[in-house]
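Biologist: Before I plan any bench work, I would like a close look at one part of this protein, namely its nonpolar core. Please take me through that part carefully, and then through the aromatic residues.

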Amino acid sequence: MAEPERTERRLRPAPLLFEPSEAVTDPEHFFDLESIEDPRELLARATELTVAFRAAQDRAVEFQALAAAQLADPSRFDRLDPAAIAEQAQWTEDYARKMIEFGESLQRGGDADDS
């Protein structure tokens, strides 16, 4: 029974908090991982951070796609074409088109796999 609890705990991302400015200036400092001496605890915390960063990246990409779709919306008087969106986001134009499509699918309530 302890195994499912541990699996459930590992799937939940660790909270991402901003580090104090003093810690950021220290190149060896990273979310206080350097102070953890127990390798099991270090692996667990580093894994939690990895999951959290991946979840944050996925969520940020969804917001990028939503913004791209909104900026490309033909009903907007200030609509941007894919080239302008690509330039602003530092993407290729082809990638901007794909992100616009992804954003449109998210707006419709679709899943990323629908694209």
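Modeller: In this model, which is predicted, the largest nonpolar core is made of 10 residues, namely A65, A68, A72, I85, A86, W91, A96, M99, I100 and F102. Three elements give two or more residues each to this core: α3, which spans 39–72, α4, which spans 82–89, and α5, which spans 93–107. Of the elements, α5 gives the most, with 4 residues.

A65, one of the core residues, shows how the contacts run: leaving aside residues up to four places away in sequence, A65 touches M99, F102, G103 and L106. Two of these partners, M99 and F102, are themselves listed in the core.

W91 also belongs to the core, and W91 counts as buried because its relative accessible area is 18%, where buried means under 20%. The ring of W91 pairs with that of Y95 in an edge-to-face arrangement, with 5.3 Å from centre to centre and 80 degrees between the planes. Y95, in contrast to its buried partner, is partly exposed, at 36% relative accessibility.

That pair is part of a wider set, since a search of the whole structure finds 4 aromatic pairs. Another of them joins F30 and F53, whose ring centres are 6.2 Å apart and whose planes meet at 35 degrees, so this pair is tilted. F30 sits in the loop between α2 (21–25) and α3, whereas F53 sits in helix α3, and the pair therefore ties together parts that are 23 residues apart in sequence. Both rings belong to partly exposed residues, with a relative accessible area of 40% for F30 and a relative accessibility of 36% for F53. Ring pairs also bring in F31, so that F30, F31 and F53 are linked into a cluster.

As for the setting of these parts, the protein has 5 helices and 0 strands, and its elements follow one another from the N terminus as α-α-α-α-α. Of its 115 residues, 20% are buried, and the protein exposes about 9000 Å², of which carbon and sulfur atoms supply 53%. Among contacts between residues at least 6 apart in sequence, 44% join residues that are at least 24 apart.

Key
Residues numbered from 1 in each chain as written. Predicted model: local features only at pLDDT ≥ 70, side-chain atom pairs only at ≥ 80, totals over all residues. Heavy atoms only, no water. Buried < 20%, exposed > 50% of the residue type's maximum accessible area, 1.4 Å probe, protein only. Contact = heavy atoms within 4.5 Å. Areas by Shrake-Rupley, 256 points an atom, 1.4 Å probe, with all protein chains shown as cover. Core = buried A, V, L, I, M, F, W, Y, C linked by side-chain atoms within 4.5 Å. Phe/Tyr/Trp six-rings, centres within 6.5 Å; stacked < 30°, edge-to-face > 60°.
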